[in-house]
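Hi,

Here is the structure I said I would pass on. Have a look at it first, and then read my notes below.

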Amino acid sequence: MPYFPRIAFSLVLYKHSIDIIEPLLTSISALSRHNKASFGVELYVSDNSPEDNSSLLIGIKQELGSTPCCYSRNSSNIGFGLANNRNYEASRLSEEDFFIVANPDTYFEATQLAPLLLWVVHNKNISCAAPLLLNPSGSIQHSAKKNPTLLSLVLGRLRFFCNIPILLKYDRWHKNMTHDYCSDCFESSYLSGSFLVIPSWAYRRVNGFSANYFLHLEDADIVRKLSLIGSTVHNPIGKVVHLWARGSHKSLVQTIHLLRSMFTYFSIWGFRLF
């Protein structure tokens, strides 16, 4: 008999209300109903919130309906990467299964994500795939980038520098905007961690997310590692809406965490100015 792979969604929470994550839960539930003949859909939740919230778990299960869910709460905020690793460990996926890292502020139509999942299932050389990310307005988020450099991180944080033509040209080059994001399938070693489809064998081989990061650049690090063992690609046959909170732009604490992650990333991968 053919093996129908499991698709495990991984969701990391920190002080999120049920209203914020409801669109994603609805999407996962719809995908579960839409694709029962092709793969099984499950959700794993790791909650980093400081206070226990039993009503949140009740709400999650209500929204998911019959879709299997495993919820765990961490005693402290262990960060995005390590919380996803805990979800992966809890899922006990086989090498034929798939792990999806999804931000709480993402959602999708089942019919617009299923083609990407089936494509990854049938292309064994893929070690990571990301869909076309859209703003709620329908505009494109150019999230399949080249590896981070100091200049790219500065431009991401201080957008007014892109008013300078040469820096705008560099920004567009770094974000691979020479490609048509809506139609081109292309390789990128820095895909946004807001939504990543990772084969279980690949996640296990790179040991998941690194413990060296907290909240920022974990995605740049893991996708770069995954690119060394397979193809890491942007494929617009899948579409996902991302609200894109950009917390590091609003909080001094988040900015400090970003700077620490920058130092960690460059210490591991080498420093590049541009």
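**Cavity and pocket**

Strand β6, residues 126-134, contributes the most to the lining of the largest cavity, with three residues. Keep in mind throughout that this is a predicted model. The full lining of that cavity is A130, P131, L133, S143, A144, L191, S192, F195 and H234. By type, the lining breaks down into six nonpolar residues, three polar ones and no charged ones. The space inside comes to about 40 Å³. A search of the whole structure turns up one cavity of 30 Å³ or more. As background, rolling a probe the size of a water molecule over the atoms shows where empty space is left.

Then there is the second largest pocket, with a volume of about 170 Å³. Which helix gives the most to its lining? That is α4 (residues 110-122), with three residues. The lining as a whole consists of Y3, F4, P5, S38, F39, E96, F98, L118, V121, H122 and K124. Seven of these residues are nonpolar, two are polar and two are charged.

**Salt bridges**

The count comes to six salt bridges. The general idea will be familiar: side chains of opposite charge can pair when their charged atoms come close. I'll go through some of the pairs here.

Start with R6 and E42, whose side chains meet in a salt bridge at 2.8 Å, N to O. R6 sits in strand β1 (residues 6-13) and E42 in strand β2 (residues 40-47), so this pair ties together parts that are 36 residues apart in sequence. Is E42 buried or exposed? With a relative accessible area of 13%, E42 is buried, because the cut-off for that class is under 20%.

R6 also forms a salt bridge with D97, this time at 3.9 Å, N to O. Here the strand β1 residue R6 pairs with D97 in the loop between α3 (80-91) and β4 (98-102), so the parts tied together are 91 residues apart in sequence. D97 counts as buried, at 0% relative accessibility.

Another pair is D171 and R159, with the closest N and O atoms 3.2 Å apart. D171 belongs to helix α6 (residues 165-174), while R159 is in the loop between α5 (150-157) and α6, so the bridge ties together parts twelve residues apart in sequence. D171 is buried, with a relative accessible area of 7%, whereas R159 counts as partly exposed at 34% relative accessibility. Going back to the earlier pairs, R6, E42 and D97 are joined into one network by salt bridges that share partners.

**Backbone and surface**

A couple of phi values are worth a look when you go through the backbone. For context, most residues other than glycine have a negative phi. R92 has a phi near 50 degrees, a positive value in a residue other than glycine. R92 is placed in the loop between α3 and β4, and at 72% relative accessibility R92 counts as exposed. N176 also has a positive phi, near 55 degrees, and is likewise a residue other than glycine. Where is N176 found? N176 is in the loop between α6 and β8 (186-187). N176 is buried, with a relative accessible area of 6%.

On the surface, F271, L273 and F274 make a nonpolar patch of about 350 Å². F271 is found in the segment after α9 (252-269), and F271 counts as exposed at 53% relative accessibility.

**Contacts across the sequence**

Two C-alpha pairs round things off. K61, in helix α2 (residues 54-64), and L25 are 36 residues apart in sequence and 9.0 Å apart in space, C-alpha to C-alpha. K61 counts as partly exposed, at 46% relative accessibility.

How many residues along the chain lie between the positions of T26 and F108, counted as their separation? They are 82 residues apart along the chain, and their C-alpha atoms are separated by 8.8 Å. T26 is found in helix α1 (residues 18-34), and at 40% relative accessibility T26 counts as partly exposed.

Over to you, and write back with any questions.

Cheers

How values were computed:
Residues numbered from 1 in each chain as written. Predicted model: local features only at pLDDT ≥ 70, side-chain atom pairs only at ≥ 80, totals over all residues. Heavy atoms only, no water. 1 Å grid on protein atoms, 1.4 Å probe; cavity = no way out; pocket = protein on both sides within 12 Å on 5 of 7 lines; lining within 4 Å. Points joined across faces, edges and corners; volume = space filled by probe spheres on them. Helix = DSSP H or I, 4+ residues; strand = E, 2+ residues; numbered from the N terminus. Nonpolar A, V, L, I, M, F, W, Y, C, P; charged D, E, K, R; others polar. Patch = residues over 30% accessible without salt bridge, like charges linked within 9 Å, V, L, I, M, F, W, Y side chains within 5 Å. Areas by Shrake-Rupley, 256 points an atom, 1.4 Å probe, with all protein chains shown as cover. Salt bridge = Lys/Arg side-chain N within 4 Å of Asp/Glu carboxyl O. Buried < 20%, exposed > 50% of the residue type's maximum accessible area, 1.4 Å probe, protein only.
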